[in-house]
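Visitor: Can you take me through this one? I'd like to start with the surface.
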Amino acid sequence: MTHFKDPFNPNIDVWNECGEASDGPVDPYAGLTPDDADILRKRAQQSLNPEVGMTRALESSVMQGLFKTDISRRAFLRSAGVTGALAAVATVFPLSSLQLMAEEAMKNLEKTKLTLGFVPITCATPIIGGHALGFYERYGLDVDIVKTAGWAVSRDKCLNGEYDGSHLLYPMPMAMSLGIGSTAQPWRVVSNVNTNGQAIVLANKHLDNQDPANWKGFTFAVPFEYSMHNLLLRNYVADAGLDPDRDIQIRVVPPPEMVANLRSENVDGYLAPDPFCQRAVYDQVGFIHKLTLDLWKQHPCCVFGLSQKFIDENPNTTMALTTSILEATASAETAEGRVAFAESMAPANYLNQPVEILKQILTGVFPDGQGNIKSVPDRISFMPLPTQTMSTWVLSQLRRWNYIEADTDYATLAEQLVLTTTTRERMRAMMAADPNLTFSDVDQDVFAPVSIQGREFAPANAQEFINSQPFSRTI
C-alpha cells in the first residue's frame, strides 16, 4: 500500500498548492523514530475505512488552517514529533471530534433524493454511467438524471432550481456566477467530468481543404456560446489568421442536431463533443480533422456543477454526491471501466447510440473518416481535478472575446468560482480510504503553465497572454 497524504507525516507534502516543497522520500517513514513511524503506519491502515479517510481530509483542513503551508507544518512536526504534534493539535481542536464529524456526514444526509441534469454526450460519462452502474446508491443517494437537449435549457433549469446539480460546460458556472448571458447566480465548478474528448469535424466535401487559413466563409457549429468548444475554435482559427467574428460564422447548435446539420450542409463543420464527432464518421457525412487534445493536452471540457446555495444548505449531501461522481470518474478512466461505461450508456434513456461508436470513443481506437484507423487511448480522459490554470485560461478567453467586459484579476476570480482545493482534498481522502483507487492528476501543480497550440499560457500572465493574441476584442 502506498502512503497517503497524512497531515501528521513530516516527510510528505500534503497541499503543495504552489510547488513549495519537493516530493517526499520513497520511504515516507524514513528518519522517523520507531514510535512515530509505527503511529503513522497504523493511521494509514485505519484510513482504509472510508469514514476514517474522510476524517483525514478534515484533519488536513485543520492543519492547513493552523500552519498555512507545508513548510511550516513539516517544520513543526519535525520539532514536536508525531506523538507530540497529535497531542498539541488536539488541545486546539480535538481530533476525535473529526471522526465523529465524518461518521455524521455519512449518516446525516440533508437531502437524499436528487435531480441532476445531463446533455447526452460522452463528456458526461461519470454522471450517466454513475447512474447506470449504481455509484450514487453506494452513498445513500437516490438520484434521477434528466436528459436535456441543449445547454441553454440546462442552464435555465439549474437557475430555476429544477436541477440540484448538473453536467455543465467548464465556462458555464463562471458565466452563471458573473451574470453573463443570464441572471447572476453563484454556481461552482466542483470537478471535471472529462478532459479532452472533442474534435473538429468537417464535411466530406472539405477533405482536400484542411488548412484553417483557407476556411474564410465557412460556417461552424458549436454547442453553446459559453463553451470550451467556442473558445478553442476561436483560438484555432485566429492562430491561422482568420478573425472568428468576421471571417467565419459560428452558430450555436445543440449537440444532438450536429450531424443532421452537417448532412444537410447547413454547416461546413463543427467543434463539438462526442459521440457526434464519431457519429459523423459512422454516418459517412464527415471526417475528423483534428482531435482537440492536439491543441491542448488534457484540456478541460465538461464539469459537475453545484450552486453555492446547495453547497451551503447540504454540506453532507455535497460530500456524498461529490464522492460518488469522483469515484465514477476514476472508474471511467480505467481500461475495463471504459468498456463497461460504453456499454452502460448506449440505451435510449442515456445516449441512444450504438455501443460500437461509444467503444471507439472511450477506448480510443477509431476510424477517422479519412481512411485511417487511429489509436489514441486518451482521446477522452477523465482527470477530475479542475486546475487554476484551466480556470484562468477560460476566464481570460471570455475576456478576450469581450464576454467579460473589463480586465480583472483572473486568478483570484478563478479561486472563487472553482473548488480546486476542496475537490483535491476529497480525492486525497478517497485514495487514502481505498488503496485501489487512483487519481493520477491529484498532485499536479494547479498553477503550472501549459502549452496551448504551441504557446505557453501561465496563469500569472493571463492579461499579457490576451494582449499578445490576434483579434482580441479587448483592443
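Visitor: How much area does the protein chain expose?
Guide: About 17900 Å², with carbon and sulfur atoms supplying 51% of it; accessible areas come from the Shrake-Rupley method with a 1.4 Å probe, and for residues only the protein chains shown count as cover. This is a predicted model: local features need pLDDT of at least 70, side-chain atom pairs count only at pLDDT 80 or more, and totals for chains, interfaces and linings use all residues. Residues are numbered from 1 along each chain as its sequence is written, and side-chain values use heavy atoms, with hydrogens and water left out.

Visitor: What share of the residues is buried?
Guide: Of the 475 residues in the protein chain, 58% are buried, meaning under 20% relative accessible area (1.4 Å probe, protein chains only).

Visitor: Which residues of α16 are buried?
Guide: In helix α16 (residues 410–417), they are Tyr410, Leu413, Ala414 and Leu417. They lie on the same side of α16, because they cover an arc of only 105° around the axis, taken from the directions from the helix axis to the C-beta atoms. Helices here are DSSP runs of H or I, at least four residues, and strands are runs of E, at least two, numbered from the N terminus.

Visitor: What covers them?
Guide: The cover includes α7 (171–178), β4, α15 (388–400) and α18 (462–468), with contact meaning heavy atoms within 4.5 Å.

Visitor: Now sheets. In what order do the five strands of the open sheet run?
Guide: The order is β2-β1-β3-β11-β4, with mixed pairing; two strands pair if DSSP finds at least two bridges between them. β2 (142–147) and β4 (187–192) are the edge strands, each pairing on one side only.

Visitor: How many bridges join β1 to β3?
Guide: Two, and the strands run parallel. Glycine 117 has serine 166 in β3 as its bridge partner.

Notes
Buried means under 20% relative accessible area, exposed over 50%, partly exposed in between (1.4 Å probe, protein chains only).
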